[in-house]
Structures are given as structure tokens and as C-alpha cells.
Amino acid sequence: MKIPNSLCVNGRVYSGEALKTEAGRLCASSVQWKKGLGEFLQQWTSPQDSITVYTSGSTGPAKAIQLDKKAMIASAGATIKALNLNSAHQALLCLSCKTIAGMMMVVRSMVAEMNLIMLPPSGNPLKGTVKKLRADFAAMVPAQVFNCLNDEESRETFRTIEAVIIGGGEISPMLEAQLRELPNALYATYGMTETISHIALRRLNGPERSGFYTTLPGISIMTDSRGCLVIDAPGISEQTIRTNDLVETEGSNRFRWLGRYDNIINRGGKKLMPESIEKKLFPYIIQRFFIAGLPHDKYGEAPVLLIESADIPHENVQLLQNSIATALNREEMPLRIIAVPAFSETESGKINRKETLKLCKHLLCL
């Protein structure tokens, strides 16, 4: 398999030595996102067969891993096939190339010979862009999509992007409801750094909208004895990839994500999924929040609700408890609502549940 060494950026093609020169120029930039792209291109154009990537830190400490370039090409090819991308399309890069998500947008552009449009990876990458911006394919994180939809000009530009894949964090029910009304093809992704970005897509709008993810071509799935997802992705990984994600499967290529096995709360023998409870709570809470299980003398473990806030007045706690009681069953009701001034985050900006719990140990006595 030949490693592509040509990239079209903002309408200009860089090949061979010219791509290496451009990589060096970008590396010398004082702008961090340009420097990140340059560093990735230097790795890509080097003689080594693999590149160094850092995991997101969502499920443990961030660590450096080696990804085979040919496996990255195979992953890119699967996405290109699933979304029918080709050289007539333009791809929008608005994610940091220090992450696998940003890197893979570059690789997909190389493999499909698409023109890559670069924008700074800001909270709203479409804000202030020229109205003539035309992109056929983009990848964003949920926060970027949320910000785009809540700015009138950005929203109109977002609607014109033919296909958008959204990953790197959970899509809230409220955001998903907004996406259902849009005319373009929108997908949630499932994946991780170890799977070389996503291995499955879930349509969020249109007649193909579904609660189930469908794996990319050539990838199959099964579950282990715990009910956790096991991925067989020839060409991407030589070994099956075992996860701690609890899923409901439909055949060997469709699954519904239920939550993390390591987040399960065992309340008096009844297993509760924090992620399932959180979905029910989204309409009631504006701030960031999550459900966690804490030791309890009677139940073994019991759920608590942590909200990112400097303080929550007692009367507001009472009102919230009364409101959410209509949405949750008795076992799911949090025994306490706790205000945490600032959640701990992973390097990719996701909530680090374990570290947040450590930060507020003194508040967590049931």
C-alpha cells in the first residue's frame, strides 16, 4: 500500500519535497494549530512506518501510542466509502492536528484527493467566515456544533456542509433534537484513538436517523461476557479491540451505546447506568453535570448528582429535586445534589469523572 505524499490545502497542491517544505514552514509558525498540522505532516512524510499519537485521557491517563500509517489509510478509506467522498469534494479542517480526529481529516483528504480548507479550531470555527465558504465534509466536536447552531450566520453556513461527523464527546438530547431539523447529513461517531478515529457512524437526522451505530465497511462487532463491545477491524488493528463500553447489538455491524462498564452504580443489587440517568436529566439542568455512585451503608452504592456551579441555593436544590423526581424512578434519584466549582477535564476537554470526584472528596459523604 502506497503512502500518499500529496495534499491540496486551500486550493494549492503540495507534493513530495514541497509537502515536506510546507510542513517545516508550518512547524515554525507561532500559531499553535498551524504548528500542530506541521508536526503531523513532518511525521507523515518521514521514513517511519508509524506516527506517535496521544490518547484522549477519557478512560485513563493520556499515553503515547504508535499508529501504523497503512492502518490510518485503511481507516480513512472506510470513511470515504461510507460517505461517498471523492476528489470533487472539499473537506473542512477545524480540529487540532494534535488529536487523532484532526490528523484523520488530513489523511482522508490525502486519500480521497479532496481540497482541505483550514480554519482555526475555535469554539465556533464558522464564525466570521466568508459566506462563500463551501465545504462538503467536516468533522466537529459537539461544543463546536452547538456554538455554530446558536449563531445565525454560522448556522446558515453549517447547513450548507453536505456531511458532518460529530465526535469527541456526548451529544446531548437537546443538541440532537436541534440537529434533526437540519437538511444536511449529520452523523455521530463512535471510536477512540486506538481505533484510529471512528469505526462506526450513527445518523442523527433524516429518514436514516437511528439510535444505533453502524460499523464502517469491513468492521464487525460482538460483545464479551460483561456485555461490552469487542471490535474486529482487519487492516486497522491486528488484534480485536476490547472496550469497557456496554452496548446492545443488532447483528455483527449495529449497536446501541448504553454507557461505561466502569461507571455502573450497584444500588442494593440493582445496576444503574449513570449515562442513562443523565439523558433523562438534560432538560432540567443548564450547567454541566454528571451522575456518580458513592459508597452507602444501606445500599452499597447510591447515585449522587454533581453540577458544575460555584453554589446552588438550598431552595433551588429543592426545586430541582422536585422536578427531576417526575423523570426518574426511585432507584435512580440522586441522594444528594452537589455543587462543584469547576470539573476536572481531560486534555481533549471531556469531563474527567474520577478526578472530579477526587477534587471534592470532602463534599461526598452520604
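This text leads through a helix pair, an enclosed cavity and an open pocket in a predicted model.

The helix pair consists of α3, which spans residues 69-83, and α4, which spans residues 100-112. Their axes come within 9 Å and cross at roughly 75°. Because angles of 65 to 115 degrees count as roughly perpendicular, α3 is described as roughly perpendicular to α4. On the α3 side, the contact is made by Met72, Ile73, Ser75, Ala76, Thr79 and Ile80. These residues meet Ile100, Met104, Val107, Arg108, Val111 and Ala112 of α4. By class, the contact of α3 with α4 comprises nine nonpolar residues, two polar residues and one charged residue.

Attention may now turn to empty space within the model. Rolling a probe the size of a water molecule over the atoms shows where such space is left. The structure holds one cavity of 30 Å³ or more, and the volume of the largest cavity is about 40 Å³. Its lining is formed by Trp33, Leu93, Cys94, Leu95, Ser96, Cys97, Leu119 and Pro121. Seven residues of this lining are nonpolar and one is polar, while none is charged.

The second largest pocket offers about 230 Å³ of space. Of the 14 residues that line this pocket, Tyr187, Leu201, Arg203, Glu208 and Thr214 lie nearest its centre. Helix α3 also takes part here: α3, β10 (197-203) and β11 (213-215) each supply at least two residues of the lining. Strand β10 provides the largest share, three residues. The lining of the second largest pocket divides into six nonpolar, four polar and four charged residues.

Terms used:
Residues are numbered from 1 along each chain as its sequence is written. This is a predicted model: local features need pLDDT of at least 70, side-chain atom pairs count only at pLDDT 80 or more; totals for chains, interfaces and linings use all residues. Side-chain values use heavy atoms; hydrogens and water are left out. Axes are lines fitted to C-alpha atoms, for helices over the stretch in contact, and angles run from 0 to 180 degrees between N-to-C directions. Helices (H or I, at least four residues) and strands (E, at least two) are DSSP runs, numbered from the N terminus. Angles under 35 degrees count as roughly parallel, over 145 as roughly antiparallel, 65 to 115 as roughly perpendicular and the rest as oblique. Contact means heavy atoms within 4.5 Å. Ala, Val, Leu, Ile, Met, Phe, Trp, Tyr, Cys and Pro count as nonpolar, Asp, Glu, Lys and Arg as charged, and the others, Gly among them, as polar. On a 1 Å grid over the protein atoms alone, a cavity is a set of points where a 1.4 Å probe fits but cannot get out, and a pocket is an open set with protein on both sides within 12 Å along at least five of seven lines; lining residues have an atom within 4 Å of a point. Grid points are joined across faces, edges and corners, and a volume is the space filled by probe spheres set on the points.
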